[in-house]
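Welcome! Have the structure open beside you and work through the exercises below, one step at a time.

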Amino acid sequence: MTKRQLFYGLNFLILGLSVWAVVRDNTREWKDYQTEFKRLEVSRLKDALSNAATDAEKESLGAALQAAKRQGKAIRQVLANDLGKADRCVTCHVGLDPYANPGLSTPYTEHPYKASEVPEHKSHNLTKFACTSCHMGQGLATTVEDAHGRVAHWEEPMLTGPSIQAACVRCHGDFKTLKGAETAKRGKELIDRLGCVGCHSFNGVGGEISVDLGDIADKPTSRIDWSHTGECHGEHCGALEKRDWNVKNWIELHFTRDPIVLVPGDPEAKQCAPKTKCEPVSPSGMPPFYKELSKEDAVAITAYLMGQTANKYPSDYFVYAAPAKEPAFANPTAHGQYVFQKYGCAGCHGEGGKEGRRNYNAKANDQTKMEEGLEPTLTKVVGNYTREELRKKIHDGVPASAIAKFKEDGPMPPLYMPKWNEKIKGQELEDLITYLFSIAEKQEVW
Amino acid sequence: MSDTPAPTPSPAPAPAPKPAAAPQFSVDTLIKEATNGQIWKSMFRNWPWQDTARHRARHIVDNVWLHLHPTKVRPRALETTFTWGLGGLSFLLYLLLTITGVLLMFYYRPTVELAYQDMKDLQFAVSFGIFLRNNHRWCAHAMVTIVILHMVRVFLTGSYKKPREFNWGVGVILLTLTLFLSFTGYLLPWDQLAIWAVTVGTNMAAATPFLGNEGPFANLLGMKINNDVRFVLLGGTTVGANTLLRFYVMHCVLVPLVTGALIMLHFWRVRKDTFSAAPRQPDEEKVDVWPHLVVREYIAAAICVAFVWFVSVAFDAPLEELANPNVTPNPSKAPWYFLGLQELLVYFDPWIAGVLIPGLIIKGLCAIPYLDTNPKGVGYYTWKERPFANAIFMFGIVMWFVLIYIGTYCRGPNYFWYWPWESWLIHKPAPPPTWSFPLWLGVLSIAGYAGLGMALPKLIKGEIDWKKANWGFGVFFLVLAAAMKIGGDIEAWRIIVVGALLWMTFLFGFLYPQRYLKDIDFMRYQIAQSLNLMMMAVLLKMGLRLGLDVKYVLELPQFNLNI
C-alpha cells in the first residue's frame with residue numbers, strides 16, 4: 001500500500017467512524033417512540049376532524065392537528081424541585097406530561113402511551129412527586145432498559161404490580177386505611193401474625209436477634225451475598241443475573257425459598273484457612289416461612305418492607321397517623337394473647353405457641369437432624385413450669401450458649417430466647433403467663 | 001506580490017439571449033482568485049506552492065505548528081519501527097484529551113450532588129455526550145499505555161544516553177504526571193468505582209514516612225489524620241466534597257499546565273539534542289521533513305484517531321452506583337496502572353509498597369542515563385551490545401505488567417487469589433496463616449542477601465560459565481526441593497514458585513551483574529547493583545509469600561521496619 005492510499009484510506013475511515021457516531025447519536029431509542037406517538041396523534045386528530053360536526057369543533061381540532069404536526073422531537077422531563085428529581089419518563093411515555101395533560105389519561109392502548117385515569121395520579125401532583133418517587137426506576141435515563149432500571153449498577157428498578165404499594169408505606173402513616181394499599185396492609189398483617197418482631201426490630205422497636213428492618217429498602221446490594229439467589233439445580237443454587245441484584249428480590253427470596261439455602265453460613269467451618277481452626281458459622285436462623293406462604297403473601301410482605309426506608313423526603317410529604325391505641329381486653333387471657341403477638345413470640349414458638357420453629361443445630365430430641373433442631377413448642381412445655389419459674393424464664397431468657405447442641409462441634413444455634421426484662425413487665429407479663437398456661441396441654445397429675 | 005489587483009468577478013455581458021446563461025464559473029478560477037488576494041497572502045507565505053527544496057524547507061520553518069521539526073532529517077528517522085511514532089502519539093492524545101476535556105467541562109459540575117447526575121445527563125441527554133465521555137476515558141487509558149511504551153522504546157534504542165540524560169529525566173516526570181492526570185480524572189464521575197479507587201490510591205499517601213500519619217516517624221513532625229499529606233491531598237480525612245473540587249482543579253488546570261510546560265521543555269530538548277546519534281551510513285543524505293516525515297506522522301496520528309474513535313463509539317466508559325462513603329466494595333481496586341503497586345501491598349507494609357518502592361522506581365529510572373556508561377547501542381535496537389541494560393530494564397517492565405495483571409484479574413473478594421476463570425461468588429477459604437522469620441534469621445537473611453549480592457559479583461573475577469552455573473543452581477534447587485518436601489511436607493507448586501523466583505534472582509541479581517556490571521566504576525556499581533538487588537528482593541519476597549506464606553523476613557516493629 002502506498003502512503004497516498006493510506007492517507008486517503010485513513011481519512012475516509014475516520015470520516016466513516018464520525019458518521020457512525022453521528023448516526024448513533026441521532027437514532028436514540030426515545031426518538032422512535034416520539035415519532036410513533038406523533039403518527040398516532042395526527043391520525044387520531046384527522047379522524048376526529050373528519051367526524052367533527054360544528055365549525056367551532058372543526059376549528060379547535062384543526063388547531064390541535066396543526067400543533068401535533070409541528071411537534072418536534074425533544075427530551076422531556078418532569079421536575080420535582082423539592083426532591084431534586086428530573087424524571088425523563090415522559091420522553092417515551094409521551095402524553096403523560098402533567099402540564100399538557102393534567103388528567104394523565106390518553107386514548108391510546110399501545111404500551112408506552114397507554115394511561116388510564118388513576119386517582120393516585122390526581123392526588124399526587126407530578127410537579128411535587130415526579131414519577132420515580134413512587135414508581136422507582138432510573139428517571140434520568142432515556143433508554144428502555146436503563147429507565148426501567150433493571151440494569152447492573154442501578155439498585156432501584158421500577159416497582160411493578162402491587163409492589164408499588166411500597167411507595168404508599170413510605171409516606172402514609174395511615175396506609176392501612178388507604179384505598180389501593182391493600183397489599184401493603186396485608187403484608188403488615190402477615191408480619192404481625194408471623195411474629196417477625198420477635199427477632200427483627202423496626203427502627204429500634206423489636207427483637208435483637210436479627211437485623212433492623214426500619215431501613216431495609218435502603219440496603220446497598222453490595223452488602224448482600226448473591227451467591228445462592230438464582231436458579232437451583234438440586235441442592236446447588238447459582239446467582240441471580242447481576243441486573244437483578246436489588247433489595248426487592250433479596251427480600252422476596254426470603255419468603256419463596258428456604259433462608260438456609262439463601263444464607264448457608266459455614267456450619268462445617270470449611271472457609272477456614274488450611275491447618276487452622278475457626279468457629280463454624282450457622283446458616284440463617286430465619287424460619288422457612290415459604291412453606292406456609294403463597295406467592296401473593298411473599299409479594300405483600302415485600303411490598304410492605306420495601307416501604308421501610310430512612311426518611312428521604314421533606315416532612316410535608318408525610319401523612320402522619322395518630323399512634324395506635326393499646327386495645328382494651330375483657331380478661332387477662334385475651335390480653336396475654338395480644339402480648340404474645342405484640343412481641344413476636346410466634347416468630348420462634350409458632351402461632352399460638354403450637355409449633356416451635358426450626359433452630360439449626362439445637363438439640364430438640366435424639367431423632368432430629370442437625371438442621372431440624374427446634375425451638376420449644378410452648379403448648380407442650382409450659383405445663384412443666386410453675387408461674388414463678390415461667391416469669392423468671394421470660395425475664396432472663398436463654399442465651400444461645402446455653403442451648404444444647406445437636407452436633408457438639410457444630411455452630412451455635414442462631415435462635416435463642418432473648419431477655420425480656422426490659423420489654424415485657426408488669427401487667428403484660430402477668431397476663432402473658434396466664435395466657436401461656438391457658439394454652440398448655442393438660443399435664444398428667446401424679 | 002499583490003501589486004496586481006485581483007480581478008473582480010463580473011458577470012460577462014450576455015450576447016446571446018439564452019435564459020439560463022449563468023456567469024462563467026469554475027472552481028479552479030475561484031481558488032486561483034481567492035489565493036491570489038491580499039487576505040490569503042497575508043496568512044500563507046510561499047504561495048503558490050512549488051515543489052522545490054526551498055519551498056519544502058520554508059513549509060516547515062514558516063509554519064508555527066510545524067516549525068518544531070528540523071527541515072531535514074536522516075532517513076533513519078523515517079523508519080516506522082524506529083520510533084513507532086509513540087512520542088508524537090502521546091502528544092496527540094494529550095491534545096485530544098484537552099479538546100474533549102474542555103467540551104466535557106461545559107456539562108460537568110464538580111459537586112457531590114451534581115457530578116453523578118451530570119454523568120447520567122452526558123449518557124442520556126447530551127448530544128454526543130456519551131461519545132465525548134467515552135473518548136476522554138479511552139484516550140486517557142491509551143495515553144498512559146502509549147507513554148509507557150514510548151519510554152520502553154526510548155530505552156531500547158539507547159536514546160537516553162549522553163547528551164540526552166536530562167531529557168530522559170523530564171520524560172520520567174512526564175510519565176508520572178500522566179499517571180497523576182489520569183488518576184485525578186478517575187474521581188470525577190463520583191461513582192463507587194471512582195471514590196474507592198481514589199481512596200485506595202490516596203491511602204498510600206498516609207503511609208509516607210514523616211509526612212503521613214500512618215507512616216514511620218509520623219510523630220516526629222506531629223502528623224495526625226487531619227494534618228498530614230493525605231489530608232492536604234483530600235481536603236479532609238475521607239474522600240468527600242473537598243476532594244472532588246481539589247481533584248477537579250488539579251485535573252483541569254494545575255496538572256495539565258505543568259504537564260504542558262514540561263512537554264515544551266521535552267520537545268525543545270529533543271530538537272536541541274538532535275537526532276544524530278545512530279551510526280552514519282556511507283553516502284547517507286538527509287531527506288526533507290516535508291513531506292517525508294510529516295506524512296508518516298499524519299498516518300500514525302490517523303491510525304490512532306481512528307482507533308480511539310472506534311472504541312469510543314463501540315464501548316461505553318464504566319459507570320457504577322452513586323458514590324457512597326459508607327459502602328466499601330469488596331474488593332476495592334485502584335485504577336489499573338496502580339494495581340501493580342496495590343498488589344505489592346499484599347507483600348509489603350504500606351509505606352514500603354506505596355511510597356518507598358514507587359519513589360525508588362522513579363529515582364532509579366531517572367538515574368539510568370547516569371549509571372549506564374556503555375557508549376554503544378545509541379539510536380538502534382540491539383540486545384548484543386547492551387545485554388545487561390536491556391535484560392534488567394525489560395525484566396522490570398514485564399514484572400510491572402505481571403503485577404498489574406495479577407491485581408486486575410487474579411484478585412477477588414478480600415483480595416484473595418481468584419483465577420480469572422473462577423467465580424467470585426463461590427467463596428474461597430481464607431489463605432493459610434502467615435509466619436515471620438525469627439529475628440536472627442531475618443537479620444542474617446537481609447545482611448547475607450545485601451552483602452553477598454553487592455560483593456560477590458565484584459569479587460569473583462573471570463568468566464562464569466552460565467551453563468554450568470545454571471546446572472549448579474538446578475542441583476541446588478533439587479536438594480532444596482527435597483528438603484522442603486521431606487522436612488516441611490510442602491506442596492509441589494509452592495516449591496516450584498519459590499524455585500522459579502530464586503532462579504530469576506540468581507540470574508538477574510548475580511550472573512548478569514557478575515558478567516556485565518563488575519567493571520564499571522565503584523560508585524556506579526554500588527548504585528546500580530543496589531537498585532537491581534532491591535528489585536529482585538521484591539520478587540523474592542513475593543515468592544516467599546506466595547510459596548511459603550512468609551509475612552516478614554525481618555520484623556522490627558519498633559522502627560516500623562518490617563520487610
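A polar contact is a pair of N or O atoms within 3.5 Å; within protein, one must be able to donate a hydrogen and the other to accept it, and residues adjacent in sequence count only if both atoms are side-chain atoms. This is a predicted model, where local features need pLDDT (the predictor's confidence in each residue, from 0 to 100) of at least 70, side-chain atom pairs count only at pLDDT 80 or more, and totals for chains, interfaces and linings use all residues. Residues are numbered from 1 along each chain as written, chains are lettered from A in the order written, and side-chain values use heavy atoms, without hydrogens and water.

**Exercise 1.** Find the surroundings of A:T143.

*Step 1.* Go to the loop between helix 6 (132-135) and helix 7 (144-148) of chain A, where A:T143 lies. Helices here are DSSP runs (H or I, at least four residues), and strands are too (E, at least two), numbered from the N terminus.

*Step 2.* Look at the side chains: A:T143 and A:D146 share a polar contact of 2.7 Å.

*Step 3.* Set aside neighbours within four places in sequence; A:T143 then touches A:E29 and B:F124, contact meaning heavy atoms within 4.5 Å.

**Exercise 2.** Decide how exposed B:M105 is.

*Step 1.* Locate B:M105 in helix 5 (residues 86-105) of chain B.

*Step 2.* Its relative accessibility is 37%, so B:M105 counts as partly exposed; buried means under 20% relative accessible area, exposed over 50%, and partly exposed in between (1.4 Å probe, protein chains only).

*Step 3.* For the whole chain, 47% of the 563 residues of chain B count as buried.
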